[in-house]
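Please look at the sequence and the structure below. A short briefing on some of its parts follows.

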Amino acid sequence: MRVGELAFTSYIFSKMDDGSYEEFLRNTGDHFNIEKPGHSQYLLNWLRKWRMRNARNADEAATEKLIQWHKQYGDRLPDENTNIWELNDNHLKGVRLAYEELLKPISNAPNKRSFGMTGATKILFALRPKSLPLWDGAIREKLQEEEKPISGNAGQLYINFIKYLRDHIIPDLLEQCQAANVQLSDLPNIFGLNNSNRITTLKLIDEYYWVTITKGIEPPNRDTLQKWLNWI
């Protein structure tokens, strides 16, 4: 994963995205508080617009589940200002417990659905966008095929995904940014993104995976880019 590829996929994502995450950011203001009914509803709206079937037709039950879950597990999550590369084993133990609880059925919801493996990561990301990544089914399955460490049951699978990003992807990006004399956390602003102060490195990585894996669009290589530049 190259910084230039992140720039490309961020641009492509901006042209394909429905804007639901930016709407979520606008509605929740400077601080997202999942225990505020209005904020939890905005979260459910975002999940719903991302075609999360499990978030439909269960607003009251899902809102109650989110609030009670956060009261029990919120303190087990990393601090809001903790970055993914700062996560330690104690952080990950708490994250796993919180993630697995979100996979349990929502009481009083139709068919007692849960938020699912994708929805649970989006909830965690909404709360901790600097440290807890999100994924979808296509991304999860592709990484399981290609990266041997990305395996295990649901809880361990997500923890291994975090470790993979922390130990392999992030250090490489940090090295590239250092060589270019820029800060990794400044990339959203450098890319000229809306809400760049609330878009994080993990969001850019998610957009890269969504564009390249979920949608199957590969970034152009250096030679192709040079050809395009010669045509301008």
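Glu100 counts as partly exposed, at 27% relative accessibility; here buried means under 20% relative accessible area, exposed over 50%, and partly exposed in between (1.4 Å probe, protein chains only). The model is a predicted one, in which local features need pLDDT of at least 70, side-chain atom pairs count only at pLDDT 80 or more, and totals for chains, interfaces and linings use all residues. Residues are numbered from 1 along each chain as its sequence is written, and side-chain values use heavy atoms, with hydrogens and water left out.

**Salt bridges**

- The search of the whole structure finds five salt bridges, each being a side-chain nitrogen of Lys or Arg within 4 Å of a carboxyl oxygen of Asp or Glu.
- Side chains of opposite charge can pair when their charged atoms come close.
- Glu100 pairs with Arg96 in one salt bridge, at 3.0 Å from N to O.
- Both residues lie in helix α5 (residues 89-102), four residues apart, about one turn of the helix; helices (H or I, at least four residues) are DSSP runs, numbered from the N terminus.
- Arg96 is partly exposed, with a relative accessible area of 25%.
- Lys203 and Glu207 form a salt bridge at 2.9 Å, N to O.
- Lys203 and Glu207 are separated by about one helical turn, because they are four residues apart in helix α10.
- Both partners are buried: Glu207 has a relative accessible area of 5%, and Lys203 has 3%.
- Elsewhere, Lys65, Glu101 and Lys104 are joined into one network by salt bridges that share partners.
- Within this network, the closest N and O atoms of Glu101 and Lys104 are 3.0 Å apart.
- Glu101 is buried, at 16% relative accessible area, whereas Lys104 is partly exposed, at 43%.

**Helix α7**

- Which residues of helix α7 (residues 137-146) are buried? They are Gly137, Ile139, Arg140 and Leu143.
- These residues cover an arc of only 165° around the axis, so they sit on the same side of α7; the arc is that of the directions from the helix axis to the C-beta atoms.
- Glu141 and Glu145 are exposed on the other side of α7.
- The buried residues of α7 pack against α6 (116-127), α8 and α10 (201-214), where contact means heavy atoms within 4.5 Å.

**Nonpolar core**

- The largest nonpolar core has 57 residues, and Trp69, Ile123 and Tyr209 touch the most other members.
- A nonpolar core is a set of buried Ala, Val, Leu, Ile, Met, Phe, Trp, Tyr and Cys residues joined through side-chain atoms within 4.5 Å.
- Helix α8 (residues 154-179) gives the largest share of this core, 11 residues.
- Not counting residues up to four places away in sequence, Ile123 touches Ile34, Leu43, Leu47, Leu66, Trp69, Leu102 and Phe115.

**Surface and loop**

- Leu225, Trp228 and Trp231 form a nonpolar patch on the surface, with about 380 Å² of accessible area together.
- Trp231 belongs to helix α11 (residues 222-231) and counts as exposed, at 68% relative accessibility.
- Such patches are made of residues with over 30% relative accessible area and no salt bridge, with like charges joined within 9 Å and nonpolar side chains (Val, Leu, Ile, Met, Phe, Trp, Tyr) within 5 Å; accessible areas come from the Shrake-Rupley method with a 1.4 Å probe.
- Asp186 lies in the loop between α8 and α9 (187-190) and is partly exposed, with a relative accessible area of 37%.
- Asp186 and Thr201 are 15 residues apart in sequence and 8.5 Å apart in space, C-alpha to C-alpha.

How values were computed. Helices (H or I, at least four residues) and strands (E, at least two) are DSSP runs, numbered from the N terminus.
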